[in-house]
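Reader: I am new to this structure and would like a close look at a single part of it. Please start there and then work outward to whatever connects with it.

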Amino acid sequence: MTKVKSYLDQQKGKLTVPLVLLLMCVIFAIMNPRFLSVDNILSVLRQISMLCIMACGVTFVMVSGGLDLSVGSMCSIATVVWALGMTDWGLPQWAAIIITILFGCVLGYMNGALVTFTKMNPMIATLGTATVLEGVGYIICHGGMPIYGLPESAKLLGQGSLGPLPIPIIIMAICLVANWFTLNRTYIGRSFYACGSNEEAARLSGINSGRIKRIAYVGAGFFTAICGVILGSRVNSGQPAAGKEFQMNCLTACIVGGISAGGGEGNTLSVFIGALIVGVIDNGFTIIRVNEYWQQIARGLILIFAVAMDAIQRQRGDKAKRSVKRSK
């Protein structure tokens, strides 16, 4: 019994978020039994697929101690590049996808270079990048006109299914596995955690923190570009503002799921659960016919609460460390 109590005490912080998710599902299911139908569950998973893919990359940045506020604009311009590849440039879809992903990686590297070489605040650097990308997207699209005229096959990734499973869900699962493998089975993943926990200690142990952070931002660009391709396929066009809504939702999903805003903490399960919470809120409120503006308020309050809890836990952790040092 003592061992069970000790285990529950250790897992208390980790179990809170899944329990909140479970409670939300129970409440929405009671209010509308259709919430737990197979079709609606698949709808939620499809709905969060792009958000979750984007969050896979943002996790690398946040775990390593950074922040990326440009992923929404990056996703939008990725849809534009992808669409241009098949229309104006006459490329087959696979080539347009590769170019879009490479473009995302380049943008991610630019963010990482701004942060590490100039020592700029990540929030300011990536916010500036987001503003530039948004302007470029509107210029390319002549003031915001979507790029249409895509081949019929362009709809496959965003609207197609493989058996009973929508393709976006399958791609999301692959990206989550890639995120897990990187964080848990590679030197780079361990270095992300080291830099986020204590960058100076990581540097003294031989880790090139600047290079590791640039890799993290490249990872964010990689996954965001994949998200952009799926989004473009879903709306069957390239739109300079298509991914704008993902920015805040992605940040909310990461922090609510348990990715620390201060770096050094978080895992793949945190990404998925955080995205699920955002998706369940949107879907559940829609099913019970709650106004969209109240949904926005709910997401904002949840984000504020998650950031506050993260800050409180970090303060407690710092106090505990200082107490241990004094006792020694």
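Author: Thr252 sits in helix 11, which covers residues 246–257. The model is a predicted one. With a relative accessibility of 3%, Thr252 falls under the 20% limit and therefore counts as buried. A polar atom of its side chain lies 2.8 Å from the backbone oxygen of Met248.

A second threonine can be described in the same terms. Thr100 belongs to helix 4, residues 93–118. Its relative accessible area is 0%, so Thr100 is buried. Here the partner is Ala96: the backbone oxygen of Ala96 is 2.7 Å from a polar atom of the Thr100 side chain.

Met248, the partner of Thr252, leads on to a pocket. Met248 is among the residues nearest the centre of the second largest pocket, together with Glu245, Asn249, Gln296 and Arg299. The lining of this pocket has 13 residues, and the space inside is about 320 Å³. Helix 11 and helix 13, the latter spanning 292–327, are the elements that give two or more residues to that lining. Helix 13 supplies the largest share, seven residues. Sorted by class, the lining of the second largest pocket holds five charged, five polar and three nonpolar residues.

Next come the loops on either side of helix 11. The loop between helix 10 (209–235) and helix 11 contains Asn236. Asn236 is not a glycine, yet its phi is positive, at about 55°. The loop between helix 11 and helix 12 contains Gly266. Gly266 has a relative accessible area of 15%, and since the limit for buried is 20%, Gly266 is buried. Its C-alpha atom is 8.7 Å from that of Tyr193, although 73 residues separate Gly266 and Tyr193 along the chain.

Further along, the loop between helix 12 and helix 13 holds Arg289. Arg289 is another residue other than glycine with a positive phi, near 65°. Its relative accessible area is 78%, over the 50% needed, so Arg289 is exposed.

Helix 12 also takes part in a ring contact. The structure has five aromatic pairs. One of them joins Phe28 and Phe285 edge-to-face, with 5.5 Å between the centres and 80° between the planes. Phe28 lies in helix 1 (residues 2–31) and Phe285 in helix 12 (residues 268–287), so the pair links distant parts of the chain, 257 residues apart. Both rings belong to buried residues: Phe28 has a relative accessible area of 5%, and Phe285 has one of 18%. Elsewhere, ring pairs connect Phe60, Phe192, Phe222 and Phe223 into a cluster.

Phe60 brings in helix 2, whose residues are 38–63. This helix has a kink of about 40°, centred on Ser49. Of its 26 residues, 19 are buried, so helix 2 is largely enclosed by the rest of the structure. Val38, also in helix 2, is exposed, with a relative accessible area of 60%. The C-alpha atoms of Val38 and Val115 are 44 Å apart, while the two positions lie 77 residues apart along the chain. Just after helix 2 comes Gly65, which has a positive phi of about 95°.

One enclosed space remains to be described. The structure contains one cavity of 30 Å³ or more, and the volume of the largest cavity is about 40 Å³. Its lining consists of Ser73, Ser76, Glu134, Tyr138, Pro240, Ala241 and Lys244. Helix 3 (71–86) and helix 5 (122–140) are the elements that contribute two or more residues to this lining. By class, three of the lining residues are nonpolar, two are polar and two are charged.

To return to the starting point, Thr252 is a buried residue of helix 11. Its side chain has a polar atom 2.8 Å from the backbone oxygen of Met248, and Met248 in turn is one of the residues nearest the centre of the second largest pocket.

Definitions and conventions: Residues numbered from 1 in each chain as written. Predicted model: local features only at pLDDT ≥ 70, side-chain atom pairs only at ≥ 80, totals over all residues. Heavy atoms only, no water. Bend = angle between axes of the 7 residues up to and from the residue. Helix = DSSP H or I, 4+ residues; strand = E, 2+ residues; numbered from the N terminus. Buried < 20%, exposed > 50% of the residue type's maximum accessible area, 1.4 Å probe, protein only. Phe/Tyr/Trp six-rings, centres within 6.5 Å; stacked < 30°, edge-to-face > 60°. 1 Å grid on protein atoms, 1.4 Å probe; cavity = no way out; pocket = protein on both sides within 12 Å on 5 of 7 lines; lining within 4 Å. Points joined across faces, edges and corners; volume = space filled by probe spheres on them. Nonpolar A, V, L, I, M, F, W, Y, C, P; charged D, E, K, R; others polar. Polar contact = N/O pair within 3.5 Å; in protein donor to acceptor, adjacent residues only side chain to side chain.
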